[in-house]
Amino acid sequence: MKQIQTWLLLAALALLLLPTSLLAAEHKAESSSIEVGAAGMAVDDEVNRVNEYTVVRDDDGVNPYAKARIEGGENGVYFDLDARRMSQRDQEYNLEADFNRIFRFDLDYDTFKHWLPHDQLDYMRATMKTEGQTKPGSANPAIYSEDLVPDEDFFIIHRQFETGGEVQLPSMPNVTLRAGFRQEEREGVEQVFGISHCSACHVTGDAKNIDELTTDLTVGATGKFGLLTVDYEYLTRDFEENAGDVNREYLLAAKPVDGLPTADFATGRLLFEQQNGQLPYENTPESEKDSHSLKARVDLSNNTVISGGYINTDIESSKKDTQGLLLSMN
Amino acid sequence: MFRKVSLTRAPWLVKLLPLALILGACATGAIREKQLTLPTIEGAEPVGQETCLECHDDYAASFAASIHGRIADFELMGAAGGCEACHGNGSLHISDDQAGKILKFDQLLPEESAAVCAKCHSDGSLMDWTHSEHALTDVTCTDCHSVHGGGKTALKQQDPDLCYSCHQEQMAKSNFPSHHPIKEGKMTCGDCHNPHAAEGLVTEQRVNDLCIECHTRYQGPFVFEHAPVAEDCTICHDPHGTVADNLLVQNEPFICLQCHEGHFHALRAGQPVGTNVPATPADPAITDPNITFTNPHGDEGWQKAFLTRCTACHAQQHGSDLPGQAAPVDGKWPTAGGTFTR
């Protein structure tokens, strides 16, 4: 994704240099606008901040920015480029092209940063039996609570690359074939909450990396047969999670081990795969999706339209190799 | 783990489609144009686009650059092109005494105006136009689109400003503290909404499938599913914007208690874990003495539930493949370990 981003930036900059000389001289560009500048930003960070999406806020100091829009064409070939670069994490590019109406395609890339909230768990003090007793080591707490990463910033950087093309042949003009590709990447750090139980509930807030990749591939066709219009599309999606699990300490459950009374279990340990130690939590499962969509429309006289659709979707989790736990309870 | 979202399967339809497309290639746009119910000008004959531009030369430049000005002849499949494709034949209009004999879109009925556009725009996202909320409320194509120009999407204004000109409640919500990045320019209404569709969304599937396109981590399927997540994201979230964090329609715990009402009664009583709490007199609203509630949160249950966040402990509310921590109730295991705490 970073390579695509660099390529797009270079392409945009190359086109930025064209209008005043080459394109203007050959009368190819029909319109263009360019804006360049700089924005100064002083960021005083605060974990409790609001404003999830404020732009140009992540790069402290003076940041150059540029916007450009160029469209033009000749002899049946048409293009339209929109580019906006506000900062490393705030960019947007769009290119549309049309080759004699036979082949049309568009290409989009955008990225932005989404600040996530940081829950410091201070409100757990509301459950105190005695003042101050919410931290580990307290004598008689109702809930232990810990923010393990009190100074951590949580955020997601969203990057999406999307392209699609259509072919409509003059020899078969009522049929349009199309294909599309979308790849969305989400990287960052999020806050995750875990809870275990010994003499009291123990709630922890920790940091977990985000590294998710969604890839969509679509193919489809549209046919116009007089008053009948038929549209078919196939979508296949692959969702990958590459950040791995986050773990925390869990204690052995006193039940379902045989021989202990239910009451002991109920007031003591809880259910955690019948083992002590570091166990994963806050899993993000990978998955796959396949979808067929078929739609049809018939136009009749007197402004009457009959339309119908059929959709078949399969979604499957890619999660595997997880050991099960056989519960036995007297 | 496998979930079928569809009701039926018909793979033969998919196999037949290429054949149907090829066999139908002989169909023409002229047939379509003749059979649709379109506004017409009786007695008028075509005069050609050049004749129109002799007077309306102010439209020439913007129209030539627009998508409509760039349409190739083969796309029309034998139907009329140029200005008269939409405005009707112009022979009467060019005579001095019958200048009004032309189709002017601001004088047509909404369905007449849309029918002209539907001569070509009957596919893709426009297939359901006649069943859309916009069509049913007499909004027509030219209310939003500038046919002679208007840039890539031929809109009269940019999205979201165009949408906000009517949908002012959504505009207000987009300025709430929790919102999608529309006002920051990172999203538009059109990313989620298809204004031409019957359901008004950019999906033919459930509303969840639209949300999951970006929020794919919640796609599942999960071993332990949370019913409202599988059913409809908008039960808990308002995508247009909310005062509560994370686009929640209410703050916790009240949003959770909308469904998990039993906790409200049990936790108010503040009885020890595992105790069946009589509804009366603890809750005067319920007068049936046979109704009891089990308090799962102990002596400080009231504080835990009403002065903290449910999701600080039940953090996997979107679903999980791992069993949640749960104590047995009345000597029985709780249902499926689906407490979403891990």
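This passage describes the domains of chain A and the ring contacts in a predicted model.

Chain A divides into two parts. Domain 1 spans residues 1–115. Domain 2 is made of two segments, 119–152 and 168–330.

The two domains of chain A touch. In domain 1, 6 residues are in contact with domain 2, where 9 residues take part. The size of an interface is often given as the accessible area lost when the parts come together. Between domain 1 and domain 2 of chain A, about 650 Å² is buried. Carbon and sulfur atoms account for 49% of this area. On the side of domain 1 that touches domain 2, the residues comprise 3 nonpolar, 1 polar and 2 charged. Despite the charged residues on that side, 0 salt bridges are found across the interface of the two domains of chain A. Polar contact, by comparison, is found for 2 residue pairs between these domains, with both residues of each pair at pLDDT 80 or more.

Aromatic rings were examined next. Over all chains, the count comes to 5 aromatic pairs. In chain A, Phe99(A), Phe103(A) and Phe105(A) are linked by ring pairs into a cluster.

Charged side chains also meet rings. Lys113(A) places its charged end over the ring of Phe155(A), at 4.6 Å from the ring centre. A further case joins two chains: the charged end of Arg70(B) sits over the ring of Tyr78(A). Here the distance to the ring centre is 3.6 Å.

Notes
Residues numbered from 1 in each chain as written. Chains lettered and ligands numbered in written order. Predicted model: local features only at pLDDT ≥ 70, side-chain atom pairs only at ≥ 80, totals over all residues. Heavy atoms only, no water. Phe/Tyr/Trp six-rings, centres within 6.5 Å; stacked < 30°, edge-to-face > 60°. Lys NZ or Arg CZ within 6 Å of the ring centre and 35° of its normal. Domains from an automatic or database assignment. Contact = heavy atoms within 4.5 Å. Buried area = accessible area lost by both parts, 1.4 Å probe. Salt bridge = Lys/Arg side-chain N within 4 Å of Asp/Glu carboxyl O. Polar contact = N/O pair within 3.5 Å; in protein donor to acceptor, adjacent residues only side chain to side chain. Nonpolar A, V, L, I, M, F, W, Y, C, P; charged D, E, K, R; others polar.
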